[in-house]
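I set out to look up burial, core packing and one helix pair in this structure. The entries follow in the order in which I made them.

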Amino acid sequence: MRKFILPAALLALAAATPAAAQVKRIGAPTSPILQAAVVPAGTDIMYVSGITPPVLNPGAPAGTPPEFGDTKTQTIGVLKRIEDILKAEGLTHGDVFMMRVLLVGDPAKGGAMDFAGMMEGYKQFYGTEAQPNKTARITSQVAALVAPGMMVEIEVQAAKPKK
């Protein structure tokens, strides 16, 4: 009988480990972003490089905002691309705990970054009823991205318990 107790206890402990290895998300429930995230030891972390928007309108003049859309449209396009990258590794936006957003000034907004437009796109993926998790995040305005007309680049970090 004793021979079976130890293996059974070890199996029960192993089964409980993934539940314990959850990212701790710290922040006000009313905030669209986290104040901090704590990732426990033994967690697999995926780093997604800066992703830029897909071409929305191939007929538009190259390097113009109409080629890629406005800030909201570009944010949605980037987050959909990130969603595909995460999905290929068995992750979702719910596993993302850190995000870095780079915004170029929008010519239609006098050269200022369109933070509100980015937030409209962001809120379709984070802090929703279907996907309530939010990210710790930084948003910065930059002078330019890799191609003219691109106004959004986003990189993320996601975590999941080891198998």
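Entry 1, burial and surface. I worked from a predicted model. I looked up burial and found that 36% of the 163 residues in the chain are buried. For the accessible surface of the chain I noted about 9,300 Å², with 61% of that belonging to carbon and sulfur atoms.

Entry 2, secondary structure. I listed four helices and six strands. Their order along the sequence is α-β-β-β-α-α-β-α-β-β. I then turned to sequence separation: of the contacts between residues at least 6 apart in sequence, 75% join residues at least 24 apart.

Entry 3, nonpolar cores. Which residues have the most contacts inside the largest nonpolar core? I found Ile82, Leu86, Met99 and Ile154, in a core of 27 residues. Two or more residues of this core come from each of strand E3 (43–51), H3, strand E4 (96–104), H4 and strand E6 (152–161). Another core lies apart from it and has six residues, including Val23, Leu34, Phe97 and Ala159. I recorded the general background as well: in soluble globular proteins, nonpolar side chains tend to be buried together.

Entry 4, Met99. I looked up what Met99 touches, leaving out residues up to four places away in sequence. The list holds Leu79, Tyr122, Tyr126, Thr135, Ala136, Arg137, Ile138, Ile154, Glu155 and Val156. Ile154 thus appears among the partners of Met99, and both residues are named among those with the most contacts inside the largest core.

Entry 5, Val48. I located Val48 in strand E3. Is Val48 buried or exposed? Val48 counts as buried because its relative accessibility is 5%, and the cut-off for buried is under 20%. Beyond four places in sequence, Val48 touches Ile82, Ile85, Leu86, Glu155 and Val156. I also checked one C-alpha separation: Val48 and Ile85 are 37 residues apart along the chain, and their C-alpha atoms are separated by 7.9 Å.

Entry 6, helices H3 and H4. How do the axes of helix H3 (residues 71–88) and helix H4 (residues 115–122) cross? I noted an angle of roughly 35°, with the axes coming within 7 Å. The crossing of H3 and H4 is right-handed. On the H3 side, Thr71, Lys72, Thr75, Ile76 and Leu79 make the contact, and on the H4 side Gly117, Met118, Glu120, Gly121 and Tyr122 do so. I sorted the contact of H3 with H4 by class and obtained four nonpolar, four polar and two charged residues. Leu79 of H3 and Tyr122 of H4, both in this contact, are also touched by Met99.

Key
Residues are numbered from 1 along each chain as its sequence is written. This is a predicted model: local features need pLDDT of at least 70, side-chain atom pairs count only at pLDDT 80 or more; totals for chains, interfaces and linings use all residues. Side-chain values use heavy atoms; hydrogens and water are left out. Axes are lines fitted to C-alpha atoms, for helices over the stretch in contact, and angles run from 0 to 180 degrees between N-to-C directions. A crossing is left-handed if the near helix is turned anticlockwise from the far one by less than a right angle, and right-handed if clockwise. Contact means heavy atoms within 4.5 Å. Ala, Val, Leu, Ile, Met, Phe, Trp, Tyr, Cys and Pro count as nonpolar, Asp, Glu, Lys and Arg as charged, and the others, Gly among them, as polar. A nonpolar core is a set of buried Ala, Val, Leu, Ile, Met, Phe, Trp, Tyr and Cys residues joined through side-chain atoms within 4.5 Å. Buried means under 20% relative accessible area, exposed over 50%, partly exposed in between (1.4 Å probe, protein chains only). Accessible areas come from the Shrake-Rupley method with a 1.4 Å probe; for residues, only the protein chains shown count as cover.
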